[in-house]
Structures are given as structure tokens and as C-alpha cells.
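Biologist: I would like to go through the pockets and the ligand site of this protein. Can you take my questions one by one?

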Amino acid sequence: MSANTIEINRQMDKFAGHHSVWVFGYGSLIYKADFPYLQRRPASIAGWSRRFWQGSHDHRGTPAAPGRVVTIIPEAGAICHGMAYLITPAVFEHLDYREKNGYLRVAVEMAFDDADAATAGAADAAEGVVYVAREDNEAFLGEASEEEIARHIARSAGPSGPNSDYLTHLAIALRELGKHDAHVFTIEQYLLELIASNT
Ligand code: SIN
């Protein structure tokens with residue numbers, strides 16, 4: 001699959017004709033909403049695990065020295081927590097550009113985690129879109145130990161800044177959501193140890 005997914009994503013017509021679409025974010029889309037949205041709700045998707053297995057050539061690394069960012073991997077029984085945004089279809093132009101380094105729009109069922117809104121009459125689930133970097137994309141790096149991933153992140157940087165900021169912001173955002181992610185928090189712990197041992 002091409003390294004640039006913009007054209008493939010433009011052809012995704014599952015929600016054609018809809019006035020608004022839910023998008024589920026599990027990585028930088030949780031903490032960096034640089035686009036207009038109609039609603040924002042904590043949510044989760046079942047059957048997926050968040051993993052730092054995707055290479056980043058354009059945000060947290062370079063083509064010569066890619067950083068590591070998250071994608072989601074199918075895993076029976078897993079739950080991935082994140083943030084859902086209700087957007088107008090025009091916003092996909094911005095999101096497709098931002099996620100162009102290997103991420104494909106995939107239709108997904110999301111459950112909203114804000115029980116208060118659901119009690120007040122809001123829907124408690126919706127079908128929408130999630131951006132997934134599958135293992136057949138050119139930037140995919142795949143599995144490595146959490147310690148190796150932390151070392152990789154510690155030495156990487158790209159046009160959007162240090163790779164370590166991506167990890168730290170994601171970990172903070174997950175804590176703010178009250179959600180534990182053993183993979184993310186273990187890598188964060190290794191990163192903190194690396195920083196401490198270098199000072
Ligand atoms: C996402 O946040 O949902 C996709 C991955 C990323 O942009 O970090």
C-alpha cells in the first residue's frame with residue numbers, strides 16, 4: 001500500500017450523504033483536536049489494542065529516521081479507550097492530510113463512556129470512523145519490546161516535535177480520561193528512567 005493514504009481515504013464512501021460523522025481518536029487525536037467539531041465524547045472501541053507499532057515519517061520522525069506512534073491492532077477481548085468527535089464531512093480533508101502516513105479510514109462501532117450524557121438521553125453508541133495503520137502500510141514498524149520502543153522514542157523527532165512529547169501527551173490524556181493502558185504507561189516509565197539516567 002502507498003505510503004500516502006490521502007487518495008484511498010477520499011474514496012471511502014461509507015458515510016457519503018451524512019451531515020455529520022463520528023471519528024474515534026486513540027492517539028494524538030485524543031489530545032490535539034486541531035479541527036472544528038460539533039461534539040466531543042470519551043468513547044471506546046472493542047476488539048482493538050493501542051500499540052506504538054507505526055512509524056512516523058512526517059510528524060515525530062523523518063523518512064530517514066522514523067519515530068514511533070500508535071496504531072490499533074485487532075485483539076479479541078481488548079478495549080481501546082479514546083475520544084470521539086462528531087465532525088462534518090468537510091473536516092475529513094484536514095484529517096486525511098494529518099493521518100496520511102499510512103492510516104486508512106475504517107468503519108467502527110464505538111461506545112460512549114460518558115454515562116451522564118447517556119443518562120440525559122444521548123446515544124450510548126454510534127458507528128463512525130477510526131484511522132488505522134495496518135501492518136501492510138510502508139511505514140509500519142511492528143512489534144518491539146516496550147523498553148526498545150522507549151529507546152526509539154527517546155532518540156526520535158520530526159516536524160511536529162520530539163517523539164517523547166507525543167508519548168507524554170498521550171499518557172497524560174489517558175490519565176485525564178481515567179483510563180489505564182499498560183502498554184503506553186510501561187513505555188512512559190522506561191522513557192522516564194532513560195531521561196533520569198542521562199541527567
Ligand atoms: C489517532 O489519534 O486516532 C490516530 C493516530 C494519531 O494520529 O496519533
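**Pockets and ligand**

Biologist: How do the residues lining the second largest pocket divide by class?
Modeller: This is a predicted model. In the lining of the second largest pocket, 3 residues are charged. The others divide into 4 polar and 4 nonpolar.

Biologist: Which element gives the largest share of that lining?
Modeller: E2, E3 and helix H7 (182–197) each supply at least two residues of the lining of the second largest pocket. Trp48, Ser49, Arg50 and Arg51 are among the lining residues. The largest share is 4 residues, and the element is E2.

Biologist: How much space lies in the second largest pocket, and how much in the largest?
Modeller: The second largest pocket holds about 150 Å³. For the largest pocket, the value is about 350 Å³.

Biologist: Which residues lie nearest the centre of the largest pocket?
Modeller: The lining of this pocket has 25 residues. By class, 10 are nonpolar, 8 polar and 7 charged. Helix H2 (28–31), strand E2 (39–56), strand E3 (67–87) and helix H3 (92–98) each supply at least two of them. Nearest the centre lie Ser28, His59, Arg98, Glu99 and Tyr166.

Biologist: Where does the ligand sit?
Modeller: The residues around the ligand include Ser28, Glu99 and Tyr166. Those three also lie among the residues nearest the centre of the largest pocket. The ligand sits in the largest pocket.

Biologist: How do the residues of the shell around the ligand divide by class?
Modeller: Gly25, Tyr26, Gly27, Leu29, Val70 and Tyr103 are also among the residues around the ligand. In the shell, 1 residue is charged and 3 are polar. The nonpolar residues number 5.

Biologist: Which residue has a side-chain N or O atom 2.6 Å from an oxygen atom of the ligand?
Modeller: Two backbone pairs can be set aside. A polar backbone atom of Gly27 is 2.8 Å from a ligand oxygen, and one of Leu29 is 2.9 Å from a ligand oxygen. The side-chain atom at 2.6 Å belongs to Tyr166.

Biologist: What percentage of the ligand's exposed area does the protein bury?
Modeller: Taken alone, the ligand exposes 250 Å². Of that area, the protein buries 97%.

Definitions and conventions: Residues numbered from 1 in each chain as written. Predicted model: local features only at pLDDT ≥ 70, side-chain atom pairs only at ≥ 80, totals over all residues. Heavy atoms only, no water. 1 Å grid on protein atoms, 1.4 Å probe; cavity = no way out; pocket = protein on both sides within 12 Å on 5 of 7 lines; lining within 4 Å. Points joined across faces, edges and corners; volume = space filled by probe spheres on them. Nonpolar A, V, L, I, M, F, W, Y, C, P; charged D, E, K, R; others polar. Near = heavy atom within 4 Å. Polar contact = N/O pair within 3.5 Å; in protein donor to acceptor, adjacent residues only side chain to side chain. Areas by Shrake-Rupley, 256 points an atom, 1.4 Å probe, with all protein chains shown as cover. Sits in = over half its atoms within 2 Å of the grid points.
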